[in-house]
Amino acid sequence: MLTEKSATPLAVKIGLLGGSFNPIHQAHLRLALSACDYLQLDHVQLIPAGQPWQKQPLQVSAEDRLAMLSLAIAPYPQLQINPIEIERDGPTYTIETLQSLPKGPQYYWLMGSDQLNNFCTWRAWQDIIRYVQLVVVQRPGHDIQIPVALQEELTRLEQNLLFMPFAELAISSTQIRQKLQEKQDVSTLVPTPVLDYIQQHGLYINHGSAPKI
């Protein structure tokens, strides 16, 4: 039996959820909160992208996206914002973000099945799986298919993917931006304080066609 003095402290378990959050919506929140419970995480860090290298330039400022994130997570102490990518100049690469995180905690990277399908196109993807445990959830319209190269690398490293049960929510930021452009109701898709912020600041209304992000 381990005494209190000799017991090894458990590593802090931190979930990481990256994204444009343009805007943050209910599916983002549900995923982060579900991961906290299912994986017994200490907290989840939401990491808003600066300029995602595989996507078109964002038309809403980092300040606005951060403000919406802050409003959305205010009721949930287990959720935090990590602005590391916004504070870094140039394109956003996940590997650089992971290399900048403090050593010690056990990190879990939360990703949808759509991201899994193209994971092997990410910069230095072989190194990413050395920093984090990948956690995959089903996204509507995207079957879970492990790329062959990823499965081979995981096998070589004697690692596995974690698959987290998650009730699919057919919500996307692209859909929300389009509805806002068309003056449709999105009150069930985003938290009320976020919708209030969008309306007060006239976001997603006068930017022409919304890019698919």
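Helices and strands here are DSSP runs, numbered from the N terminus, with at least four residues for a helix and at least two for a strand. With those labels on, pick out Pro 83: it is in the loop between β3 (79-81) and α3 (94-100). Bear in mind as you click around that this is a predicted model.

**Stop 1: the loop at Pro 83**

Colour by accessibility and Pro 83 comes out as partly exposed, at 25% relative accessibility. Now add Gly 50 to the selection. Gly 50 is 33 residues away from Pro 83 along the chain, and the two C-alpha atoms are separated by 8.6 Å.

**Stop 2: the sheet**

Show the strands next. You should see an open sheet of six, in the order β3-β2-β1-β4-β5-β6, with parallel pairing. Which strands stand at the edges? They are β3 and β6 (162-163); each has a single partner strand, so one side of each is left without a neighbour in the sheet.

Go over to the β6 end. β5 and β6 pair in the parallel sense over two bridges, and Val 136 stands opposite Phe 163 of β6. Then swing back to the other edge and turn on α2, which lies across β2 and β3 and runs at about 165° to β3.

**Stop 3: the cores**

Time for side chains. The largest nonpolar core has 38 residues, and the ones to select are Ile 24, Val 44, Leu 46, Met 68 and Leu 79, which touch the most other members. Several elements each supply at least two residues of this core, among them α1 (26-39), β2 (43-48), α2 (62-73) and β4 (106-112). The largest share, eight residues, comes from α1.

Centre on Leu 46 and look at what surrounds it. Neighbours within four places in sequence aside, the contacts of Leu 46 include Leu 17, Phe 21, Ile 24, Ala 32, Leu 69 and Ile 73. Leu 79, Gln 80, Ile 81 and Asn 82 are also among the residues in contact with Leu 46. There is a second, separate core too: it has 23 residues, including Leu 98, Leu 116, Val 136 and Leu 150. You have already met Val 136, opposite Phe 163.

**Stop 4: Leu 39**

Select Leu 39, which lies in helix α1. Is Leu 39 buried or exposed? Its relative accessible area is 8%, and buried means under 20%, so Leu 39 counts as buried. Leaving out neighbours within four places in sequence, Leu 39 is in contact with Lys 13, Tyr 108, Leu 110, Val 135 and Leu 162. Draw a distance from Leu 39 to Tyr 108: C-alpha to C-alpha you get 8.9 Å, for two residues 69 apart in sequence.

**Stop 5: the aromatics**

Finish with the rings. Select Phe 119, Trp 122 and Trp 125, which form one aromatic cluster. How many aromatic pairs does the model have? The count comes to two. Phe 119 and Trp 122 make a tilted pair, 4.9 Å centre to centre with 50° between the planes. In the other, Phe 119 and Trp 125 have ring centres 6.2 Å apart and planes at 70°; over 60 degrees counts as edge-to-face, so that is the label for this pair. Phe 119 and Trp 122 are buried, and Trp 125 is buried as well.

One last click: Arg 123. Arg 123 lies over the face of Tyr 93, at 3.7 Å from the ring centre.

Note on methods
Residues numbered from 1 in each chain as written. Predicted model: local features only at pLDDT ≥ 70, side-chain atom pairs only at ≥ 80, totals over all residues. Heavy atoms only, no water. Phe/Tyr/Trp six-rings, centres within 6.5 Å; stacked < 30°, edge-to-face > 60°. Buried < 20%, exposed > 50% of the residue type's maximum accessible area, 1.4 Å probe, protein only. Lys NZ or Arg CZ within 6 Å of the ring centre and 35° of its normal. Core = buried A, V, L, I, M, F, W, Y, C linked by side-chain atoms within 4.5 Å. Contact = heavy atoms within 4.5 Å. Pairing = 2+ DSSP bridges. Axes fitted to C-alpha atoms, helices over the stretch in contact; angles between N-to-C directions.
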